[in-house]
Amino acid sequence: MSFAFAGSSRLAAYGWDETLETEFTPHRAAGLVPARVAAVDRGLCDVVAEDGPARAATAPAASGDPAGEQAPCTGDWVALRPGGPGGRPAVAALLPRRTAIVRSSAARDSRGQVLAANVDTVAIAVSLAARPDLGRVERLLALAWESGARPVVVLTKSDQVPDSAGAEADTAAAAPGVDVVACSAATGDGVDVVRAVLAGTVALIGPSGAGKSTLGNALLGADTLATGAVRDADGKGRHTTVRRELLPLPGGGVLIDTPGLRGVGLFEASEGLERTFADVEELAAACRFGDCAHDSEPGCAVLAAVEDGTLPPRRLASYRKLLRENAWAASRTDARLRAERNDQWKAVSKWQRRMYKERGRDR
């Protein structure tokens, strides 16, 4: 995403570019103005418009939308109608999302929850205060890759370990093709390296206690984000970030800090899993059978790699687990869509029967 577009100096700092300007042309003709959503809560949202920040009313999500795509979320570009309800502007339309971080809803009801939109880089924060949970890292990587953004793994709190090289190597093995960098926001060590690998709109994600807000403050150059202590027993922290918020970075680009993610369910993340487990997928291409389940089949290149030590057994187990979870989520979504289509046909049939009955009475 370009941050050099001069068409609107205030919005350019938030990522407005020529492509967005072109997409917005019909909205301008309708008297609407562009804005970017900085935060959302309770049916209202904080936006940054051409003439400054504002509080805007939001429209409810369209019924039947599987991933909340009609509900504004942090990072969205929207068309505002000035002078809406109560004199405040109102969101009239959403511009098409370039990327979207989507997880399964907390209720696990086969619908997705959009965490952030139009993100260029997903920074996955992993604390070195405890041994990194590589399975969680792989799960978050699948989420990030599926969004369409570029993932980066940031190992935080490097000052709390004598040497981070081992953790960096283990994490890099679980994140093929992804930049893995270590830093300490408390001492400033490595923060410049982190800043160098981040670009455009950056979303910070990870569990509570991973140091997201502390790292965010280091990148912002000010104590803007609330931080809190973690428990010594397990290294877990409280939710100090209570909503997703978009803030401009001093060197260009914007930052979205997100609340800690206790559970991250995958939502239709097949492509994300392929990217996350690119090494396993490459091995699978050499299996004797095209539908090999990598369980006990003869000629399985994946099992052979586990046996000779090329592929860690933990990684294959994680691959299988996430594939099963994603398949279950997809089946839930398919079942819901079938049920919704059946309900629609039932409603149509009921209306037709009533219409025919009424016509018969008129004869």
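# A guided tour from helix α4 to the β-strands

Helix α4 is mostly covered, with 11 of its 14 residues buried. Select this helix first, as residues 134-147. The coordinates belong to a predicted model, and the tour proceeds outward from α4 to its sheet, then to a neighbouring topic, the hairpins.

**Stop 1: helix α4**

Colour the buried positions of the helix: Leu134, Val137, Glu138, Arg139, Leu140, Leu141, Ala142, Leu143, Ala144, Trp145 and Ser147. The list includes the charged residues' names Glu138 and Arg139 beside leucines such as Leu140 and Leu141.

Next, display the C-alpha atoms at the two ends of α4. They lie 20 Å apart, which agrees with the 20 Å that 14 residues should span at 1.5 Å a residue.

Zoom in on the start of the helix. There a side-chain oxygen of Asp133 comes within 3.1 Å of the backbone nitrogen of Gly135. At the other end, select Gly148, which follows α4 and has a positive phi, near 100°.

**Stop 2: Ser147**

Remain in α4 and select Ser147, a residue of this helix. Is Ser147 buried or exposed? Its relative accessible area is 6%, so Ser147 is buried; the cut-off for that term is under 20%. A polar atom of the Ser147 side chain lies 2.5 Å from the backbone oxygen of Ala144. To view the surroundings, add Thr99, Ala100, Ile101 and Val122, which Ser147 contacts once neighbours within four places in sequence are set aside.

**Stop 3: the six-stranded sheet**

Now show the open sheet of 6 strands, whose order is β10-β9-β8-β11-β13-β12 and whose pairing is mixed. Its edge strands are β10 (179-182) and β12 (245-248), each of which pairs on one side only. From one strand to the next, the twist averages 25°.

Bring α4 back into view: this helix packs on the sheet and touches β8 (121-127), β9 (150-156) and β11. The direction of α4 makes about 170° with that of β8.

**Stop 4: strands β11, β13 and β12**

Select β11 (residues 201-205) together with β13 (residues 254-257); the two pair in the parallel sense over 4 bridges. Two positions of β11 can be labelled with their partners: Leu204 stands opposite Asp257, and Ala203 stands opposite Ile256.

In a regular strand the side chains alternate between the two faces of the sheet. For β13, which residues lie on each side? Val254 and Ile256 are on one side, with Leu255 and Asp257 on the other. All four are buried, and both faces of β13 are therefore covered.

On the other flank, β12 and β13 pair in the antiparallel sense over 4 bridges. Pro248 has Val254 of β13 as its bridge partner. The two strands form a hairpin with 5 residues between them, and Gly252 in the turn has a positive phi of about 110°.

**Stop 5: Leu220**

Select helix α7 (residues 212-220), in which Leu220 lies. Leu220 has a relative accessible area of 12% and is buried. Beyond residues up to four places away in sequence, Leu220 touches Leu225, Leu247, Pro248, Leu249, Pro250 and Leu255. Draw a distance between the C-alpha atoms of Leu220 and Leu255: these residues are 35 apart along the chain, and the atoms are separated by 8.2 Å.

**Stop 6: strands β1, β2 and β3**

Move to strand β1 (residues 33-41) and strand β2 (residues 44-49), which pair in the antiparallel sense over 6 bridges. Val37 stands opposite Val47 of β2. The hairpin of β1 and β2 has 2 residues between the strands, and Arg42 takes a positive phi near 55° there.

Extend the selection to strand β3 (residues 52-57), which pairs with β2 in the antiparallel sense over 6 bridges. Cys45 stands opposite Ala56 of β3. A hairpin joins β2 to β3 through 2 residues.

**Last view: the whole chain**

Finally, display the complete protein chain, with its 11 helices and 13 strands. Of its 363 residues, 45% count as buried. The chain exposes about 18100 Å², of which carbon and sulfur atoms supply 51%. Among contacts with a separation of 6 or more, 64% come from residues 24 or more positions apart.

Conventions:
Residues are numbered from 1 along each chain as its sequence is written. This is a predicted model: local features need pLDDT of at least 70, side-chain atom pairs count only at pLDDT 80 or more; totals for chains, interfaces and linings use all residues. Side-chain values use heavy atoms; hydrogens and water are left out. Two strands pair if DSSP finds at least two bridges between them. Buried means under 20% relative accessible area, exposed over 50%, partly exposed in between (1.4 Å probe, protein chains only). Contact means heavy atoms within 4.5 Å. Accessible areas come from the Shrake-Rupley method with a 1.4 Å probe; for residues, only the protein chains shown count as cover. Axes are lines fitted to C-alpha atoms, for helices over the stretch in contact, and angles run from 0 to 180 degrees between N-to-C directions. The expected span of a helix is 1.5 Å times one less than its number of residues. A polar contact is a pair of N or O atoms within 3.5 Å; within protein, one must be able to donate a hydrogen and the other to accept it, and residues adjacent in sequence count only if both atoms are side-chain atoms.
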